[in-house]
Amino acid sequence: MSEKPFWETLAPGEMTREQWESLCDGCARCCLHKLEDAYGGGIYYTQVACHLLDETSCRCSHYETRQTLVPDCVVLAPDDRDNLAWLPDTCAYRLIDAGKPLPEWHPLVTGDPQSVHLAGISVRGRTISENDVDDDDLEEHIIRWVSNTQP
Ligand code: SF4
Ligand code: SF4
């Protein structure tokens, strides 16, 4: 009988930092600008990405110093369950928090870091840098391929 993987047996607070960070599928959806409906109608994702996002690898180009360079970049912590609702529905941190399994395309499941791209989940090839978009025009860049269902 095969052993269950760590994400099915350990609570977030019991995971090592390495395990916790490996839950991130590398989609970079969280690096997109979002607009919040002022009347409680939810969060809308745009195709406009943080200027530090490497659009090819979908990785942060300055991961270790990101919070200094982008002060509103959110670092997810295992004990911060109240700060997950803004993430996309596909995000592993939301799924784990909701007691759901990781999707079949998740790199931890496939063993292949490329599977998130091959499944069309990552933002690769679908973004515009924030450097090229005026803040006032963000609404024009709302996308439908990232959903955020409020819990
Ligand atoms: S949305 Fe979640 S899984 Fe995707 S890159 Fe961001 S933290 Fe990682
Ligand atoms: S600083 Fe890096 S991790 Fe944070 S939003 Fe920008 S690209 Fe993403």
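These legends describe close-up views of a predicted model.

**View 1. The largest pocket.** The largest pocket holds about 1200 Å³ of space. Its lining is made up of 41 residues, and Cys30, Cys31, Arg66, Cys73 and Val74 are the closest of them to the pocket centre. Three elements give two or more residues to the lining of the largest pocket: α2 (17-22), β1 and β4 (59-60). The largest share, four residues, comes from α2. Sorted by class, the lining of the largest pocket contains 27 nonpolar, five polar and nine charged residues.

**View 2. Ligand 1 and the residues around it.** The space that ligand 1 takes is the largest pocket. Cys24, Asp25, Cys27, Ala28, Cys30, Leu76, Pro88, Cys91 and Tyr93 surround ligand 1. Eight residues of this shell are nonpolar, none is polar and one is charged. The charged residue is Asp25. Cys30, a member of the shell around ligand 1, is also among the residues closest to the centre of the largest pocket.

**View 3. Ligand 2 and the residues around it.** Ligand 2, too, takes space that is the largest pocket. Around ligand 2 are Cys31, Cys50, Leu52, Leu53, Cys60, Arg66, Val70 and Cys73. This shell has seven nonpolar residues, no polar residue and one charged residue. The charged residue is Arg66. Cys31, Arg66 and Cys73 belong to the shell around ligand 2, and these three residues are also among the closest to the centre of the largest pocket.

**View 4. The pair of strands β1 and β2.** Strand β1 covers residues 32-36 and strand β2 covers residues 43-49. The two strands run antiparallel and are joined by four bridges. Lys34 has Tyr45 of β2 opposite it, and Glu36 has Ile43 of β2 as its bridge partner. In a regular strand, side chains alternate between the two faces of the sheet.

**View 5. The turn between β1 and β2.** β1 and β2 form a hairpin with six residues between the strands. Within this hairpin, Gly40 takes a positive phi near 80°.

**View 6. The three-stranded sheet.** Three strands make an open sheet in the order β1-β2-β5, and their pairing is mixed. β1 and β5 (128-129) stand at the edges with a single partner strand each, so one side of each has no neighbour in the sheet. The edge strand β1 also gives two or more residues to the lining of the largest pocket.

Methods: Residues numbered from 1 in each chain as written. Chains lettered and ligands numbered in written order. Predicted model: local features only at pLDDT ≥ 70, side-chain atom pairs only at ≥ 80, totals over all residues. Heavy atoms only, no water. Near = heavy atom within 4 Å. 1 Å grid on protein atoms, 1.4 Å probe; cavity = no way out; pocket = protein on both sides within 12 Å on 5 of 7 lines; lining within 4 Å. Sits in = over half its atoms within 2 Å of the grid points. Pairing = 2+ DSSP bridges. Points joined across faces, edges and corners; volume = space filled by probe spheres on them.
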